[in-house]
Each structure stands twice: as structure tokens, then as C-alpha cells.
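Please read the following report alongside the sequence and the three-dimensional view.

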Amino acid sequence: MKAARYYDRKDIRIEDIPEPELKPGTVAIDVAWCGICGTDLHEYLEGPIFIPPKGSPQPISGEEAPVTIGHEFSGTITALGEGVTDLEVGQNVVVEPYIVHDDVDTGPGQAYQLSKDMNFIGLGGRGGGLSQKIVVQRRWVHPIGDIPLDQAALIEPLSVGHHAFVRSGAKAGDAAIVGGAGPIGLLTSAVLKASGLTVYVSELSEARKKMARETGVADEVFDPREGDVAEQVRALTGGRGADVGFECSSVPAVLDMLMATVRPGGVIVNVSIWGHKPQVDMPSLVLKELDLRGTIGYANDHPSTIALVQSGKLDLAPFITAKIPLDDLITEGFDQLINNNEHHVKILVNPNA
């Protein structure tokens, strides 16, 4: 089968590799669509990061570069391994792409995303969505009902936003400020809006501001060059400020803006992955008694995220900005997201095209 294989920084190759083997307790899936994630771009430009480099195998998968990449994907079940009785061949599904030790409890309330040696399918080994087929453990497979397969490829990044929402402790009726309207910022905003919050977005890019407005994920969109965002949010909240903030940009000035905009006693959730250590305005953190929280991945968020999409409260179709075959992964996928990123939210790849 065809697969995109990561060898090293700026070295991803489309190759023919053996099809994966169906084992007891696993599910075979024909991949329909796979999104290109910001993490994939970081691996391509700056990695390996999550990907285990040659000579340093991942502790759980035992794999090292080259590995098949892609972790935001949907597909259709083609076969069930021995012992899997609660799914059916022909069902459309998404995969929660974790690699954790077999003895890690992934039941409700468990923080398995923080378990030792955690990594991701499509980064740390065990196949990936940028291939024609994949075999995964049953516990990571989530049926999607009638959600279209292309939109379902966005369930994984949407679950990142849902986990950030859960981490924030926010509730319907609260006001949120989202810093950055890239793919994760927009999808986090979509979760917040669908969950009954008033959502304010701060963004510089004209194209991304337009996307935030046209998709309806933001009640107001601010450009920090055109006025003080904190003042504008306070004006809209009776002088109170936002209840929660979400950092989705990895830009220090955005973190400063959030700390100024969130009300005293409020919460800021960092959603983005930072490539450097920023300065943090500790005096504001102390004097306003702010709560700055980290978040990584998701933990039992996929079922709730799927239900949110099925409810019709959010429409994922507008966030899909291009569809390409696997052979065009670099030229029409990675290069576009690197050099023309503000005009794209999610580029989907069809490995079977």
C-alpha cells in the first residue's frame, strides 16, 4: 500500500510498504481522509519532535524513523480482529490516535494523556492516517454514525479544543477570549460557541478574521492593531472582562493580551505547542489571581465531540479548505500550509485517490 513516510526534517517520502496485519483485539480500517496538522508541519520543518529519530526507538511502539505519519483521520472498518464484537465491518469511524502502555486505564475520568511514554499514532509509530490502510487497537476506534467522512477527519483537532474547554471549567453563558484564529483557535472557538459561550477572537490575519466571522464561531473579532482588546472585551462585558481565555498562537504578545483581558480570578488555558520558553507576566498572574492551565491532546473527549457534531450545533464543512491526493502531499499540502497558511484551515488528504 502507499504511505507517507517521515525519514527526517524536510524528508517525507511516498512509498509502497506492506499492509498492516490484523491481530486479536484490533480493527482494520481503510483510510478515507487525513488532515495535515500543525504538529506535522513542526516535524517537517523542525523535527523530529514526537517522531522517534533513527537509533532512538519509541519505548512503547519500538519504532524509529522512518515512520508513517498522519494522526487526524477517518475511515471505514474492513475487518475485525479476534475478540472485537461491538463493531461492524462497513462502519465509518475515527481513531483517537494514542500510543500508551497496554496496562494504562483509558476509562472515564482517567488522565491517560499524561501517562508515561505517551505518544501518538502517526508520529510515534503504529501506522498513520497518511496511508491507505491502518490497523489499530479497539479502544481507540470511535463510530461516527452519519457524519460525513471528510468532516469526521476534523474530529481529532476538534477534540483538542473540547479538552481545552473541559480543562477551563467554563460553562454556558460565560464569555471567552481566544487568542489566535489558526486551525486550533477556530476549532476551539467552534466548541465554545456550540457549548453556549459568548466567544471573542483576537487575530491579525485578514483571511483568518474573515473565517472566524463567516463560520459564526465568534461573536466579535478583534484586531489588536486597531484597539486595546482588553478594553473592548470589558466594554462588552459590563466592565468585567472575559471569564476564560485560550492561548492558540504560541505568541508572547497574545499571552499578555489574554492576561489583561481575562477578569480577576479567571482562567487561561494554553492550547498551543510552544517551541520556546516565553516570558510570563507573573505580577498580573498574582495580582489578578489568574489560573494558567496547560492542556495536551484529549482524554475521553472523542465521544462528546462526536455527539456535539451530530447535534448540528457546529458545521465542520467550512473549515475544510482543500482536498488533495497523497502524491501531492508536499507540493499542495505542506508547502501550501507553510507558505500560504493564512488562507487555509484544514487540508485533507485522500490516500486512496
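What follows is an account of selected strands, helices, salt bridges and surface features of a predicted model.

## The sheet at the start of the chain

Three strands make up an open sheet, with antiparallel pairing and the order β2-β1-β4. Its edge strands are β2 and β4, the latter covering residues 67-68, and each of these pairs on one side only.

Within this sheet, strand β1 (residues 2-8) and strand β2 (residues 11-16) are joined in the antiparallel sense by 6 bridges. Two of the facing pairs can be named: K2 stands opposite D16 of β2, while R5 has R13 in β2 as its bridge partner. The two strands form a hairpin with 2 residues between them, and in this hairpin K10 adopts a positive phi near 55°.

## Salt bridges

Side chains of opposite charge can pair when their charged atoms come close. The model contains 17 salt bridges when such a pair is counted with a Lys or Arg side-chain nitrogen within 4 Å of an Asp or Glu carboxyl oxygen.

One of them joins D327 to K2, with 3.3 Å between the closest N and O atoms. This pair links distant parts of the chain, since D327 belongs to the loop between β17 (320-325) and α10 (329-339) whereas K2 belongs to strand β1, the two residues being 325 residues apart. D327 is itself exposed, at a relative accessible area of 53%. Another salt bridge brings together the side chains of K54 and E64, at 3.4 Å from N to O. Both K54 and E64 lie in the loop between α1 (38-46) and β4, so this salt bridge ties together parts that are 10 residues apart in sequence. Of these two residues, K54 is exposed with a relative accessible area of 65%, whereas E64, at 24% relative accessibility, counts as partly exposed.

What is the setting of the salt bridge that D243 forms with R263? The closest N and O atoms of D243 and R263 are 2.8 Å apart. Because D243 lies in strand β14 and R263 in strand β15 (residues 262-270), the pair ties together parts that are 20 residues apart in sequence. D243 is buried, its relative accessible area being 8%, which falls under the 20% cut-off for that class. Elsewhere, a network of salt bridges links E206, K209, D223 and R225.

## Helix α4 and its surroundings

Helix α4 (residues 183-194) consists of 12 residues and reaches 16 Å from its first C-alpha to its last, close to the 16 Å expected at 1.5 Å a residue. Is this helix enclosed or open to the outside? Because 9 of its 12 residues are buried, α4 is largely enclosed by the rest of the structure. The buried residues of α4 are G185, L186, L187, T188, S189, A190, V191, L192 and A194.

These buried residues pack against several elements, namely α3 (155-168), β11 (175-179), β12 (198-202), α5 (206-214), β14 (242-247) and α9 (302-310). Strand β14 thus appears both in the packing around α4 and as the strand that holds D243. After α4 comes G196, which has a positive phi near 95°.

## Strands β11 and β12

Strands β11 and β12, both among the packing partners of α4, run parallel and are joined by 5 bridges. In this pairing, I177 stands opposite Y200 of β12. Strand β12 is mostly covered, with 4 of its 5 residues buried.

## A buried glutamine and a nonpolar surface patch

Q151 is part of helix α2 (residues 149-152). With a relative accessibility of 15%, Q151 counts as buried, and, when neighbours within four places in sequence are left aside, Q151 is in contact with D315, L316, A317 and I320. One of these contacts, I320, falls in β17 (320-325), the strand that precedes the loop holding D327.

At the surface, V280, M282 and L292 make a nonpolar patch of about 230 Å². One of these residues, M282, lies in helix α8 (residues 282-287) and is partly exposed, with a relative accessible area of 43%.

Methods. Residues are numbered from 1 along each chain as its sequence is written. This is a predicted model: local features need pLDDT of at least 70, side-chain atom pairs count only at pLDDT 80 or more; totals for chains, interfaces and linings use all residues. Side-chain values use heavy atoms; hydrogens and water are left out. Patches are made of residues with over 30% relative accessible area and no salt bridge: like charges are joined within 9 Å, nonpolar side chains (Val, Leu, Ile, Met, Phe, Trp, Tyr) within 5 Å. Accessible areas come from the Shrake-Rupley method with a 1.4 Å probe; for residues, only the protein chains shown count as cover. Buried means under 20% relative accessible area, exposed over 50%, partly exposed in between (1.4 Å probe, protein chains only). The expected span of a helix is 1.5 Å times one less than its number of residues. Contact means heavy atoms within 4.5 Å. Two strands pair if DSSP finds at least two bridges between them.
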